[in-house]
Amino acid sequence: MATMWNSLCVANGTLFNSSSPLLPLRFNSNSNLRFRRATITSMCVPENDVVVIGYGMTTVDFLATVDSFPKPDDKVRTTSFKVQGGGNAGNALTCAARLGLKPKLISKVGDDSQGHAILNELQRDAVDTSFVLVSKGGSSAFSYVLIDNQTKTRTSIYTPAHPPMMPDDQSQSTLLSAFNEARLVYFDGLTTDTALFIAQEAARNKIPILVEAESPKEGLDELLKLADFAVCSARFPKAWTHASSIPSALVSMLLRLPNIKFVIVTLGEDGCLMLERSANEDADTEENDIDCFFESLYERKDDSLAVPTCISSGVKKFRANGRGTVCGRFFLGTAERIPDGELIDTTGAGDAFIGAILYAICTNMEPEKMLPFAAQVAAAKCRALGARTGLPYLADPRLAAYLC
C-alpha cells in the first residue's frame, strides 16, 4: 500500500499510479466534497467534481515583452509576443479548472474571431462556457499588455466588450440552472449592475459568495454586503474605509460587512494579509491594537525562506483606533522569492491567487495552508508569459506540500 500511494499523480481529474500511468484509479462518487487521505504521501485528491461559478471579464490579451518601457514617440522591438486569453474571471476559473474544480463562467463575448478564440481556449481548459452569451454583431473585450523585462512590470490597455452584459441578459431560470450543485460563486467586481443581480440570486439559493475588489466603484458596496469572502488589491481597503493603515482597514471592513467571514489583501511580492472573523468571542479574549500586532507579526517573518509561508495569531480582539473592535485571527502570508532569471511576467498573478483561493475554500483548506498554497500557484504563473501559460495543475510537485 505504501508503495502504491507514493507513486500517485493526478491528470484531468483522474487519479493515476505514476509507475503504471495507463491504469486510472477512479474516484468514489458516493461521498460529497471529501478527500481521500494517504498516510504516506502528502498529496490529497478530491473525490468528486466541485462546481464553482464565476461571473466577470474574459478577454483576449495581446502580450508583448520589451527590454524597457518606451518613452513617448519611441519605437521599440518586442523580444517575445503571445496572444492568449485573459480577464480576471476567465483567468481565475482557468486556474480553478487546472486545480481540479469544475468551473462555470457567466460572461459575454462578441461573435467575432476573438470571441470564438476566447471560448475555445476556455473549453480546452475544461471551463464550462454554456452560460457565456455570444452577442450577434458584438465585439469581444481585449487588452494590449506590455511587459518590461527590466523592471518586471506590466502595463495593460483594456478595451471593453460591446455591448456589455446587462441584468436582463440572464433569466432567473438560467441562473438556477447554472447554480446547480455550485459550492461557491465568484465575482471579479468589475461590472457591478449585473453582478449584483446574479449575487442576489446566489444569496437566495444560499450559495457562498467571494467578491474581488480592485478599486471602489458604484454598486460594489451592495455586492460586498452579500459576500462571504473578499479578496482585495493592496489599494482597496484604505481607499474604501479611509483608514490610516491596511490592518486597520481590514478591521473596519469586517465591522462594515457583518456577513464577511474573511478578507484577504494581496500585496504582490510582499505577500498578503488576512483577517478572519471568529464566531466565538470570549469576554476574556485579549485585546490588541491591530497595527501594533501587525508589527509584532511582521518581526517574526523569516526572510531567509524562499518558499511561501504563513504566520498566524490565535483568536484575539483586534482594535482599530476610532473604528471599533472585532474578534478573529490575523494572518501574514509571504510570497515566493522568485529568482530574477525565472521571473517572466506578473500578468494575471492576482487571478491565479484567487483561483487557488477558490480551490482552498471548496476543499476546506486551513488558512495556514491556503495562503502559502495560493502564493505558490501565483508564483508558478509568473514563470511564463501571459496569465495562463504557467498556471499549474494539481499534480504539480510544487503544490504537493500544501494539499494534506
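How are α2 and α10 oriented to each other? In this predicted model, helix α2 (residues 88–98) and α10 pack at an angle of about 50°, and their axes lie 7 Å apart. Angles under 35 degrees would count as roughly parallel and those of 65 to 115 as roughly perpendicular, so α2 and α10 come out as oblique to each other. Their crossing is right-handed. On the α2 side, the contact is made by N88, N91, A92, L93, C95 and A96; α10 brings in D351, A352, I354, G355, A356 and L358. Sorted by class, this contact of α2 with α10 holds 8 nonpolar, 3 polar and 1 charged residues.

Now for α10 itself. This helix runs over residues 349–362, and at 1.5 Å a residue its 14 residues should span 20 Å. The C-alpha atoms at its ends are indeed 20 Å apart, so the two values agree. As for its surroundings, 13 of the 14 residues of α10 are buried, which means that the rest of the structure largely encloses this helix. After α10 comes N364, a residue with a positive phi, near 55°.

Helix α11 (residues 367–381) can be looked at in the same terms. With 15 residues, α11 reaches 21 Å from its first C-alpha to its last, close to the 21 Å expected at 1.5 Å a residue. Helix α11 is mostly covered too, with 13 of its 15 residues buried.

A second helix pair is made up of α8 (residues 246–256) and α9 (residues 290–299), which pack at an angle of about 125° with their axes 8 Å apart. That angle makes α8 and α9 oblique to each other, therefore. The crossing of α8 and α9 is right-handed. Here P247, S248 and V251 in α8 meet I290, D291 and F294 in α9. By class, 4 nonpolar, 1 polar and 1 charged residues form the contact of α8 with α9.

Residue V251 of α8, part of the contact with α9, also turns up next to a strand residue: G324 touches V251. G324 lies in strand β21 (residues 324–333). Along the sequence G324 and V251 are 73 residues apart, yet in space they are 7.7 Å apart, C-alpha to C-alpha. Leaving out residues up to four places away in sequence, G324 touches L255, F318 and R319 as well as V251. Is G324 buried or partly exposed? Its relative accessibility is 27%, so G324 counts as partly exposed, given that buried means under 20%.

Methods. Residues are numbered from 1 along each chain as its sequence is written. This is a predicted model: local features need pLDDT of at least 70, side-chain atom pairs count only at pLDDT 80 or more; totals for chains, interfaces and linings use all residues. Side-chain values use heavy atoms; hydrogens and water are left out. Helices (H or I, at least four residues) and strands (E, at least two) are DSSP runs, numbered from the N terminus. The expected span of a helix is 1.5 Å times one less than its number of residues. Buried means under 20% relative accessible area, exposed over 50%, partly exposed in between (1.4 Å probe, protein chains only). Axes are lines fitted to C-alpha atoms, for helices over the stretch in contact, and angles run from 0 to 180 degrees between N-to-C directions. Angles under 35 degrees count as roughly parallel, over 145 as roughly antiparallel, 65 to 115 as roughly perpendicular and the rest as oblique. A crossing is left-handed if the near helix is turned anticlockwise from the far one by less than a right angle, and right-handed if clockwise. Contact means heavy atoms within 4.5 Å. Ala, Val, Leu, Ile, Met, Phe, Trp, Tyr, Cys and Pro count as nonpolar, Asp, Glu, Lys and Arg as charged, and the others, Gly among them, as polar.
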